[in-house]
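Let's walk through this protein together, one question at a time. Keep the 3D view open and follow along.

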Amino acid sequence: MRLKNKFFWIIAFVAFFLDQITKFWVVQTFSLQQTLPLLPGIFHLTYVTNTGAAFSLLSGKVEWLRWLSLGVSLALIALAWFGPLLNHWEQLGYGLILGGAMGNGIDRFALGYVVDFLDFRLINFPVFNLADVFINIGIICLLIGTFQKTPTSSRRN
């Protein structure tokens, strides 16, 4: 049996692994609220916890968000496993979203919060993590894919 949507699975695993390893490094290296200015006043690494969704939206809704993360993850796994052969942009987009959803979902179930550390101070943006980045890039990939005219049935990945 050949694995369908192989690129999806690879992307999801890599995104999940990168998210978890960077969070592990931050937790092992920094104290809570500690910051390291890489570009002072512009970009810092700052260890914070977040009980909300991406970029601190829905703060304090961890119970609801943990089940949302699980539901999204299971739906994407079912889509890739049982659904049609996805095109390149769909596999990339859905894979990034799955990796990010699983990364933040694991944090929510295991810790009750998400570890955030990417701190762009130039624009006063909420602190976030790689899972948030992957989810947003995944959405952009899916938007790009909607404008592609490549039929999914003729592609083999």
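Q: In which sense do strand S1 and strand S2 pair?
A: Keep in mind that this is a predicted model. Find S1 at residues 35-39 and S2 at residues 43-50. The two are joined by 4 bridges, and their pairing is antiparallel.

Q: Which residue in the turn of the S1 and S2 hairpin has a positive phi?
A: Start at the bridge that pairs Leu39 with Phe43 in S2. The hairpin leaves 3 residues between the strands. In that turn, the residue with a positive phi, about 80°, is Gly41.

Q: In what order do the elements of the protein chain run from the N terminus on?
A: The chain has 4 helices and 3 strands to put in order. Write α for a helix and β for a strand, and the run is α-β-β-α-α-β-α.

Q: What share of the contacts with a separation of 6 or more comes from residues 24 or more positions apart?
A: The protein chain has 157 residues, and 38% of them count as buried. For contacts with a separation of 6 or more, the share from residues 24 or more positions apart is 70%.

Q: What kind of aromatic pair do Trp9 and Trp81 form?
A: A search of the whole structure turns up 8 aromatic pairs, and Trp9 with Trp81 is one of them. A pair of rings is described by the distance of the centres and the angle of the planes. Here the centres are 5.8 Å apart and the planes are at 80°. An angle over 60 degrees counts as edge-to-face, so this pair is edge-to-face.

Q: How many residues apart in sequence are the parts that the pair of Trp9 and Trp81 ties together?
A: Trp9 sits in helix H1, while Trp81 belongs to helix H2 (residues 62-82). The pair therefore ties together parts whose separation in sequence is 72 residues.

Q: Is Trp81 buried, partly exposed or exposed?
A: Its relative accessible area is 42%. Buried would need under 20% and exposed over 50%. The value falls in between, so Trp81 is partly exposed.

Q: Which helices hold Trp67 and Phe109?
A: The ring centres of Trp67 and Phe109 are 5.1 Å apart with planes at 90°, so this pair is edge-to-face. It ties together parts 42 residues apart in sequence, because Trp67 lies in helix H2 and Phe109 in helix H3.

Q: How many residues does the largest nonpolar core have?
A: In soluble globular proteins, nonpolar side chains tend to be buried together. Among the members of the core here are Val26, Phe30, Tyr47 and Phe128. S2 and S3 each supply at least two residues of this core. The full count for the core is 9 residues.

Q: How many residues are in the second, separate core?
A: Among its members are Phe8, Leu76, Ala80 and Leu142. Counting every member, this core has 7 residues.

Q: What is the relative accessible area of Gly100?
A: Look for Gly100 in helix H3. Leaving aside neighbours within four places in sequence, Gly100 is in contact with Ala131 and Ile135. Gly100 is buried, because its relative accessible area is 0%.

Q: With the side chain of which residue does the side chain of Ser69 make a polar contact?
A: Ser69 lies in helix H2 and counts as buried, because its relative accessibility is 8%. Not counting residues up to four places away in sequence, Ser69 touches residues including Ala101 and Gly105. The polar contact, at 2.8 Å, is with Arg108.

Q: What span is expected for helix H4 at 1.5 Å a residue?
A: H4 covers residues 130-146, which is 17 residues. From its first C-alpha to its last, the helix reaches 24 Å. That is close to the expected span, 24 Å.

Q: Which strand is included in what covers the buried residues of H4?
A: The buried residues of H4 include Ala131, Phe134 and Leu142. What covers the buried residues includes helix H1 (6-29) and helix H3 (88-111). The strand included in that cover is S3 (114-120).

Conventions. Residues numbered from 1 in each chain as written. Heavy atoms only, no water. Expected span 1.5 Å × (residues − 1). Buried < 20%, exposed > 50% of the residue type's maximum accessible area, 1.4 Å probe, protein only. Contact = heavy atoms within 4.5 Å. Pairing = 2+ DSSP bridges. Phe/Tyr/Trp six-rings, centres within 6.5 Å; stacked < 30°, edge-to-face > 60°. Core = buried A, V, L, I, M, F, W, Y, C linked by side-chain atoms within 4.5 Å. Polar contact = N/O pair within 3.5 Å; in protein donor to acceptor, adjacent residues only side chain to side chain.
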